[in-house]
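Trainee: Could you take me through one part of this model up close? I'd like to look at the place where the two chains meet.

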Amino acid sequence: MSNITEIVKDSNIVKFAEHKIPGGIHPAEFKSLSNQQPIKTLPLAQELIIPLTNSDHISGELQVNIGDQVSNGQLILASATETMASNIHSPCDGTVLEIDKKNTGHPSSLPLAAILIKQDSKTPQSTGIKKATRLQTNKTNRNWISATPQEIIERIHQAGIVGLGGAAFPTHTKFQTSLGKVNTLIVNAMECEPYITCDDRLLQENSSDILLGALITAKAVGASKILFGIEDNKPEAIANLKNEITSLIKSNYNYDKKNYQLPNIEIVIAKAKYPSGGEKQLIQLLTGREVPQGKYPAELGILVQNVATLYAVNNAVVHDINLTQRLVTITGDCVPQPGNYWIQFGTPISHIIDSLQIDSGDIPHVIFGGPLMGVAISDFNVPTQKSTNCIIFDSNEKLLNNNQEDSHSACIRCGECESVCPVSLLPQQLFWFSQSEQWEQLENQDLFDCIECGACTYVCPSIIPLVGYYRYAKSEIKYLDAKNKKSELAKKRFENRENRLAKIKAEREEKRRKTAEARKLAALNKEQDPDGKKSAIQAALDRVKNKKEQQS
Amino acid sequence: MNLSSPFIHNDKTTSRIMLLVCSALIPGILVSFYFFGWGTLINLVVCSVYAVSAEALIMWLRKKSIAKALSDNSALLTGLLIGLSFPPMLPWWMSFIGVWFAIIIAKQLYGGLGFNPFNPAMVGYVLLLISFPVEMTSWLPSHEIAQQHPSFLETLQITFVGTTSDGNKLIDYRMLADGFTMATPLDESKTAFSLGLMTSEIIETSHFITNTNSWFWLNISFLVGGLLLLANRVIHWHIPTSMLLGMTITASVLYLYDNQLFLSPWLHLTMGATMLGAFFIATDPVTASTTPKGRLIYGAIIGFFIVIIRSFGGYPDAVAFAVLLLNIAVPTIDHYTKPSVYGSQTRENINA
């Protein structure tokens, strides 16, 4: 990597990471398959399937009906602001054909709510993405400098931006919870998983937009420092980004110095190692600090954003473009022209296969995401989503069979899993407890700190699907927790009802007792004074007595 | 079919690891063959056959796939390790008892590979050592100082029948040129110490020096194999390093205390089963500690006990005893050396 040394030499912008993360693995990268070709745009599909949710209910309000005409970028689902959801826009001009449950690639392969749109764009190639704009000449779109944080966050919310690194967490929510707590923006450009190169390529071609997105984000959350974390296997991207930052600093005088203070920007290069791109791992690499268990990075004054997300932030805030497409790495040995493509959300896999003449005849499934954390999808009608950063079409036996034998061989306690765990868990203890379903022990062993990076499974000599066991245990524990809560709630409701009934009964008893007493008293009076004369005389005597007392 | 990530693997499977360990024994096997003759090879073949057959038998009884169990090569490795630790020309039926006990009682009765708390090879070795102490310590002298060196046929005859066609017995091959018999240097020094000799007197005798030479090269050859394992990342550095360090420190303290009553650290490191133990026995993944800190503690205490038992115990060598002793301590060591999970330190700091 003489190239990298050259870039870092005598630079006060670029430096090497001073910290390390424990564990980690070095799988074959397969990145050169797709990171050498310029970005292209995939032709629009005839029909697009836009997933409306990732769970069993839609959080938000549907804006269209079957038969409606929609245009590219038009809002079709307005998310409720208080939920962890984001707006969804139409990725094309067209007509809403169906609103129904479809297989949208959920790991459970259960069908989820989606909208089917038949596109009728006059120019199917157009996707509305502008060429990269250089910062210095971009004087017209600097409204964001005078915008308030809330205005920027609201714009990001409107544009439907989510974390494009893979987790798809709503970006506006992340910004909102970071407001006032954050002094450092860390840009995640690590892209540590094999095959995936979309962030690398985006940095090679559009780093000025990403940089601007980072400035906007820093401004929105009040960060005075921006750190780009990137692996040393992306020398072109680093060089390009460095040039952009250098020219930005030189052009600092173009900015209104009174209203805007340019954050301190640095590029930090880390040795390529999986999974250094995990949010917590990246923070540890760049700052040497660990996010406390059960807390968010904001606790340390840090906000982490992926480069593709920042690109979308720039598009939304500067160019007013809603998020309807993303850069997707299409790769694997079945793809004649592997590379990175702008693909509208909702594009079915089958359309990608047709447009790129992919030889998919023999492969039973593709992988959405990378080979370590991705999802296998065998239904080729499944569409791309906001979280789809890579699709692997590969005929490699291992990628296809995933060593799912009937029964793996026994754990030999070699401890390999432990030595590669980036979180310093004891994967083999977790395995024993998962296998014997000892849920309490699992929680004691910090099962929920597992980031499911798959490093342990990658090195396990007994080929035990460890992460599979952890996923099972996690979902089982969550299910039991929910069940417990539910039954506790039911118990509480039952107890409340019992109490309420008892109270009503007691009140009724009391009332009955009082009336009975009154009746008894009346009956007693009646016995002693059958016609009421006695009491009348008594009353008259009392009146006279009162009068006398008043006179004297 | 329900596929879940990850989809890739580094191809280092159990059977490959075991095979790599087996092949790393080759330098040691060759050197042992050079100094002690055919007995070494016959031991290895006999013990491997016993080990694999015992494993197959149990798999058959447990109605499990024999091919799958044998393909992990763990039984083969146990057989080879036992074969190397038994003295050459040990009667065939003793090897049989040792190996079958190791595989069936120490390994399979606990549930097979991955479930045995004790190192099977060492259990088999210790069983024989305690039951047949004379035979188990009747090691051949190196061929340079032996009166006569057995041929292949003679070795076979001694192992399986007890006498050669010429009427020679094992004791005849253990005779030195000067008519003395001699066991291993450790055994020799143990006996000498008990007779009241001093270290300087023991190490000066000429056949002690020659015999030391063969054991030195045997240890070097296991060290070479062990370094190959380290270079191929089959084993971790923690256990061998800490074990050798533990031995060095303990032996140094004793030697500095009285250099006429104890052997030097150098002799401890280069004699007996030190290197075989450090790189091939103590590193057995199933029975060793699994946490990085735990491995250091585990190795260091094994090293400590090897020197202590060698110096004060009743048997000349102590690798097997020390390893078994620490095997039983592994759950405790692992419990107290759990690494701190990401973010747990900071959580405590914040709470404090």
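Mentor: Let's go through that contact between the chains, and then a pocket. Keep in mind that this is a predicted model. On the chain B side, 39 residues are in contact with 61 residues of chain A. Put the two chains together and they bury about 4100 Å² between them, with 55% of that on carbon and sulfur atoms. If you want a place to zoom in, try Phe7(B), Ile8(B) and Tyr342(B): they supply 22% of the area chain B buries against chain A, more than any other three residues.

Now for the polar side of things. The rule finds 21 residue pairs in polar contact across the interface, and it also picks up 2 salt bridges there. One of them joins Arg413(A) to Asp334(B), with the closest N and O atoms 3.8 Å apart. As for which elements chain B brings to chain A, those giving two or more residues are helices H1 (14-24), H17 (292-312), H19 (330-336) and H20 (344-351). H20(B) gives the most, with 4 residues. By class, that side of chain B divides into 17 nonpolar, 15 polar and 7 charged residues.

Next, the second largest pocket, which has a volume of about 1200 Å³. Of its 41 lining residues, Gly23(A), Gly24(A), Lys273(A), Ser419(A) and Arg233(B) lie nearest the centre. Strand E12 (264-270), helix H11 (416-420) and helix H14 (455-459) of chain A each give two or more residues to the lining, and so does H17 of chain B. H11(A) has the largest share, 4 residues. The lining comes out at 20 nonpolar, 10 polar and 11 charged residues.

Definitions and conventions:
Residues numbered from 1 in each chain as written. Chains lettered and ligands numbered in written order. Predicted model: local features only at pLDDT ≥ 70, side-chain atom pairs only at ≥ 80, totals over all residues. Heavy atoms only, no water. Contact = heavy atoms within 4.5 Å. Buried area = accessible area lost by both parts, 1.4 Å probe. Salt bridge = Lys/Arg side-chain N within 4 Å of Asp/Glu carboxyl O. Polar contact = N/O pair within 3.5 Å; in protein donor to acceptor, adjacent residues only side chain to side chain. Nonpolar A, V, L, I, M, F, W, Y, C, P; charged D, E, K, R; others polar. 1 Å grid on protein atoms, 1.4 Å probe; cavity = no way out; pocket = protein on both sides within 12 Å on 5 of 7 lines; lining within 4 Å. Points joined across faces, edges and corners; volume = space filled by probe spheres on them.
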